[in-house]
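Good morning, and thank you for the time on today's agenda. I should like to take you through one structure, beginning with its interior and then turning to the ligand and to two individual residues.

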Amino acid sequence: MILTPEGLATTPDVLRGVEDQLRGETGASVAIFAGRAATALYLAYLAARRPDDEAPEVILPAISCATPANCAYLAGYRPRFADVDCRTGLVTLESVMARATPRTRAVVFVHLYGQTTDLRAMAEWCRRLRIALIEDAAQALGARLPDGGHVGSVGDMAVYSFNPTKIIECGGGALVVRAPEAGERALAVLRGPLPPSAPPEQAAQLARSYRDLHHGLVGLFRLRPEAVASPLFLNLRQYYDGLYVRPLARPEALAADWGQVAEVLGRRRELAERYAEELKGGPWELLDGWRASGACWRYTLLVTPERQVELSEAVRRDGFHVSNLYWPVQQFFAPGDSCPEADRFARRAVNLWVDGQMTADRVRDCAGRLHRHAETLANSERGPR
Ligand SMILES: *Cc1c(COP(=O)(O)O)cnc(C)c1O
C-alpha cells in the first residue's frame, strides 16, 4: 500500500517489485510506502498500541537522531531512553530491560551507521512481554544481520528512509509489518484522519528551523553538560509536528533508485575499505561493523573527546563532509534517563561521509589531513619546549 497526496492507495505497478522484495526479505505481511521513515515510525507506534492504553512508552536508543522520539510524541507515547555499547553506539538488551515498565509497548533498535547485531535475544524478550520490536533501518538499507538475514527480518516491524543523506536519496520511506494483525492496525490508521501536515511551501523552512534548534543545543550540551533544556525543547517540539506525516510524492523515482542499492553499497564499502587502510595507526579507534553488515552509512572513528570538535572542524575547513551531532537524545527529552555510555560515545564519534561526493582519492586526501591535524593538535597540547 502507499500513502499518496490523495490518501491511502494500493501499491502502484512501478513499486510492485520493491514491495515484493521488501516483503520477501523480511517476511512481512504488509508493506506501506510513505514520504518519510518518520511517517513509518508514527504508524509503527500506533500499530503497537493496545486498545485502551493510557500512557504508552517506547524505549529508544540514546544515540540516534531525534526523529524516533519526536514521532513517539506525535503517536501519544512517552519516549524513554536506553544506554548503548560505547564501542559501537548500538543499544544493548541489558539497558533496554533496565528501562522497561508495565507501560512499555515498543522498543526501537536503530541500525546505527549501517551496523547490525544479533537481535534474536532482544526479539525473544520483547515477544515474552508483548512489546513490539521495531527495527529502524533508515541508515542500513541492504544491510545483513550476523546470521546472514536481511535487516528488518527479526523485528515485528521495520522502517526505511530513502531521503537525502541516506543510502538512496530519491525521497520516501517505508514500513514493513510482519504480523498481519499489526499490519491491519497500521493500515487502519491511514484510513482515519491523520495529524495535520505543514503546508509544502513551509516544510523545508520549518525543517531547517528544527535542525538549527537541535544543532544549537548539541553545541551547548557539549560545553555545558549541566544545561537543562528539556522544558524548553518539549515545549517547542510540538510546533514541528507537521513535518512527520508525509505522502510519497514520486514512486517512480524510488522504483528507479531501488535497482542501484547493491551498487551504491559496493561503492561505499570500497571507500570505507580505503579509509580503514589510510587511517591505520592514528590516535583513534575505527568502527568496522560495516564489514559484517555490508552497509556503511558513515565511516566512523572514535577520537579522544578533547579533539573531537577541533579535528572535525579542521577537515571540514579542508572541504570534507564530516559530522559529530548525534547527542544523547535523552538530554533533549528525558534527562532523568541517565545514559553515561552514550555520553562517552557522543563525545568521541567523528563521522566521515562516504556518499556519492567522495572518491578513493579524496578519501586518501582526507585521511592524510586527519593524520596531520591530529599531530598538530598533539604537538600544541605538549606546548612549546
Ligand atoms: C534519517 C533517519 C530517520 C528519519 O528518516 P526520514 O525519512 O527523514 O523521516 C529515522 N531514523 C533514523 C535512524 C534516521 O537516520
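In this predicted model, the largest nonpolar core holds 114 residues, and the members that touch the most others are Tyr45, Met122 and Leu175. The greatest contribution to this core comes from helix H2, residues 37-48, which supplies ten residues.

Let us look at Leu175 in particular. Which residues is Leu175 in contact with, once its neighbours within four places in sequence are left aside? They are Val30, Ala31, Ile32, Ala40, Leu43, Ala44, Met157, Ala158, Val159 and Ala186. There is also a second core, separate from this one; it has 25 residues, among them Leu271, Ala272, Phe320 and Leu370.

I turn now to the ligand. It is surrounded by 13 residues, and the closest of these are Arg36, Asp136, Gln139, Ser161 and Lys166. By character, the shell consists of six nonpolar, four polar and three charged residues.

Where do polar atoms of the protein meet the ligand? Three pairs may be named. A ligand nitrogen lies 2.6 Å from an N or O atom in the side chain of Asp136. A ligand oxygen is found 2.8 Å from an N or O atom of the Asn163 side chain. At Ala37 the partner belongs to the backbone: a polar backbone atom there is 2.9 Å from an oxygen of the ligand. As for coverage, the ligand alone would expose 380 Å², and the protein buries 92% of that area.

Two single residues remain, and I begin with Gln21, in helix H1, residues 16-26. Is Gln21 buried, partly exposed or exposed? Its relative accessibility is 36%, and Gln21 therefore counts as partly exposed, since that class lies between the limits of 20% and 50%. The Gln21 side chain forms a polar contact of 2.7 Å with the side chain of Trp258. Gln21 and Asp53 are 32 residues apart along the chain, and their C-alpha atoms are separated by 34 Å.

The other residue is Thr4, which belongs to strand E1, residues 2-4. Thr4 counts as buried because its relative accessibility is 17%, and the limit for that class is under 20%. The side chain of Thr4 reaches the backbone oxygen of Gly7 at a distance of 2.8 Å. Leaving aside neighbours within four places in sequence, Thr4 is in contact with Ala9, Pro247 and Leu248.

That concludes my presentation, and I welcome your comments.

Methods. Residues are numbered from 1 along each chain as its sequence is written. This is a predicted model: local features need pLDDT of at least 70, side-chain atom pairs count only at pLDDT 80 or more; totals for chains, interfaces and linings use all residues. Side-chain values use heavy atoms; hydrogens and water are left out. A nonpolar core is a set of buried Ala, Val, Leu, Ile, Met, Phe, Trp, Tyr and Cys residues joined through side-chain atoms within 4.5 Å. Buried means under 20% relative accessible area, exposed over 50%, partly exposed in between (1.4 Å probe, protein chains only). Helices (H or I, at least four residues) and strands (E, at least two) are DSSP runs, numbered from the N terminus. Contact means heavy atoms within 4.5 Å. A residue is near a molecule or strand if one of its heavy atoms lies within 4 Å of it. A polar contact is a pair of N or O atoms within 3.5 Å; within protein, one must be able to donate a hydrogen and the other to accept it, and residues adjacent in sequence count only if both atoms are side-chain atoms. Accessible areas come from the Shrake-Rupley method with a 1.4 Å probe; for residues, only the protein chains shown count as cover. Ala, Val, Leu, Ile, Met, Phe, Trp, Tyr, Cys and Pro count as nonpolar, Asp, Glu, Lys and Arg as charged, and the others, Gly among them, as polar.
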